[in-house]
Amino acid sequence: MMDNLSSATEFCLLGFPGSQELHYILFAIFFFFYSVTLLGNMVIIMIVCVDKRLQSPMYFFLGNLSLLEILVTTTIVPLMLWGLLLPGKQTISLTGCIAQLFLYLSLGTTEFAVLGAMAVDRYVAVCNPLRYSVIMNSRTCIWVVMVSWLFGFLSEIWPVYATFQFTFCESNLLDHFYCDRGQLLQLSCNETLLTEFILFLMAVFIIVGSLIPTIVSYTYIISTILKIPSASGRRKAFSTCASHFTFVVIGYGTCLFLYVKPKQTQAAEYNRVASLLVSVVTPFLNPFIFTLRNDKVKESLRDGMKRCCLFFRD
């Protein structure tokens with residue numbers, strides 16, 4: 001325990017409970033997940049940049065989403081892996097803790113904004129295809145992405161500032177594998193109820209606010225698809241949205257589970273599982289969702305592999 005008149009200048013991350021043997025097993029599993037996440041999302045970014053068939057708004061947004069997935073998981077996972085290898089507690093400075101939490105929340109918020117933009121893009125493509133190239137031109141797409149990134153980082157300045165305005169005098173032990181906001185608030189010796197409620201409202205605004213254009217877009221998309229007379233036409237129209245819709249269900253589901261709750265200071269086990277879903281599992285699934293369910297991406301990957309084989313044969 002710390003002196004009640006002082007505040008923590010560094011935190012000890014307790015990480016995962018269990019024996020060192022279990023930690024080595026978890027390290028192997030999460031290292032595999034992290035490696036596949038980096039490789040898969042980097043491949044998506046590369047083919048979107050190189051393949052002319054993928055030079056469209058949908059894949060431009062997908063490239064940004066893959067970049068965000070790489071950054072989100074890299075903010076959390078390397079420190080987590082290091083903690084699994086080292087026996088005992090993993091320390092992080094107050095500055096490092098602030099930076100980690102700010103980057104994690106900012107990148108996550110930016111991802112929600114990009115997902116909302118992707119939903120609107122799919123709405124225009126399905127419901128207004130003749131004007132698609134006019135509405136979703138390159139200038140509009142770049143502007144939307146820039147605003148998404150700006151909104152993501154600016155919107156999280158106050159929540160992170162408010163979190164670290166408290167005096168952490170209860171302890172400096174964080175029962176988590178990263179600087180989780182809920183665990184930080186538990187260490188405060190100040191009254192946090194009002195701040196927690198404001199943070200809850202902001203989480204609702206950000207997550208539900210970006211979910212509204214997605215719900216509205218898919219309502220119109222489904223309505224339009226059902227009016228297509230042929231089964232093959234309906235299947236083709238829905239295939240252009242299936243990957244994004246799957247990712248939205250997984251991404252929003254896990255984040256609603258983690259952040260949209262009035263009480264930020266939940267049990268450590270609850271936060272650990274939910275955080276793993278957001279920072280490890282969802283970025284890992286992203287390349288599979290957008291490659292296995294997208295014919296153009298699969299075709300581009302096949303062509304790329306053929307070129308690599310020919311290059312190495314020569």
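Cysteine 12 counts as buried, at 10% relative accessibility, and since what we have on the screen is a predicted model, I will take its cysteines one at a time before turning to charges and to one helix. The sulfur of cysteine 12 sits 11 Å from the closest cysteine sulfur, that of cysteine 179, which is too far for a bond. Cysteine 49 is exposed, with a relative accessible area of 58%, and its sulfur has the sulfur of cysteine 141 as the closest one, 14 Å away, again too far for a bond.

Which cysteines, then, does a disulfide join? Cysteine 97 is joined to cysteine 179, with a sulfur-to-sulfur distance of 2.0 Å, and the count for the model comes to one disulfide. Because cysteine 97 lies in helix α3 while cysteine 179 belongs to the loop between β3, residues 173–174, and α7, residues 181–186, the pair ties together parts that are 82 residues apart in sequence. The link between cysteine 97 and cysteine 179 is left-handed, with -130 degrees about the S-S bond, and both of these cysteines are buried.

Let me move on to the charged side chains. How many salt bridges does a search of the whole structure find? The search finds four. In one of them, arginine 53 meets aspartate 51 at 2.8 Å, nitrogen to oxygen; here arginine 53 is partly exposed, with a relative accessible area of 35%, whereas aspartate 51, at 10%, counts as buried. Asp51 and Arg53 are also linked with Glu299 in a network of salt bridges.

Another salt bridge brings together the side chains of aspartate 121 and arginine 122, at 2.9 Å from nitrogen to oxygen, and in that pair aspartate 121 and arginine 122 are both buried.

Then there is the salt bridge between aspartate 175 and arginine 272, with 3.0 Å between nitrogen and oxygen. This pair links distant parts of the chain, given that aspartate 175 is in the loop between β3 and α7 and arginine 272 is in helix α10, residues 268–292, so that the two are 97 residues apart. Aspartate 175 counts as partly exposed, at 27% relative accessibility, while arginine 272, at 6%, counts as buried. The loop between β3 and α7 thus holds cysteine 179 as well as aspartate 175.

Finally, I would like to look at helix α5, which runs over residues 138–154 and has 17 residues. From its first C-alpha to its last, α5 reaches 24 Å, close to the 24 Å expected at 1.5 Å a residue. At its N-terminal end, α5 is capped by asparagine 137, a side-chain oxygen of which lies 3.1 Å from the backbone nitrogen of arginine 139.

Which residues of α5 are buried? They are Cys141, Val144, Val145, Ser148 and Gly152, and because they cover an arc of only 95 degrees around the axis, they fall on the same side of the helix. As a general point, an α-helix has 3.6 residues a turn, so residues three or four places apart point the same way. The buried residues of α5 pack against α2, residues 57–85, and α3, residues 94–127. On the other side of α5, Arg139, Trp143, Met146, Leu150 and Leu154 are exposed.

Conventions. Residues numbered from 1 in each chain as written. Predicted model: local features only at pLDDT ≥ 70, side-chain atom pairs only at ≥ 80, totals over all residues. Heavy atoms only, no water. Helix = DSSP H or I, 4+ residues; strand = E, 2+ residues; numbered from the N terminus. Expected span 1.5 Å × (residues − 1). Buried < 20%, exposed > 50% of the residue type's maximum accessible area, 1.4 Å probe, protein only. Arc of directions from axis to C-beta. Contact = heavy atoms within 4.5 Å. Polar contact = N/O pair within 3.5 Å; in protein donor to acceptor, adjacent residues only side chain to side chain. Disulfide = S-S within 2.5 Å.
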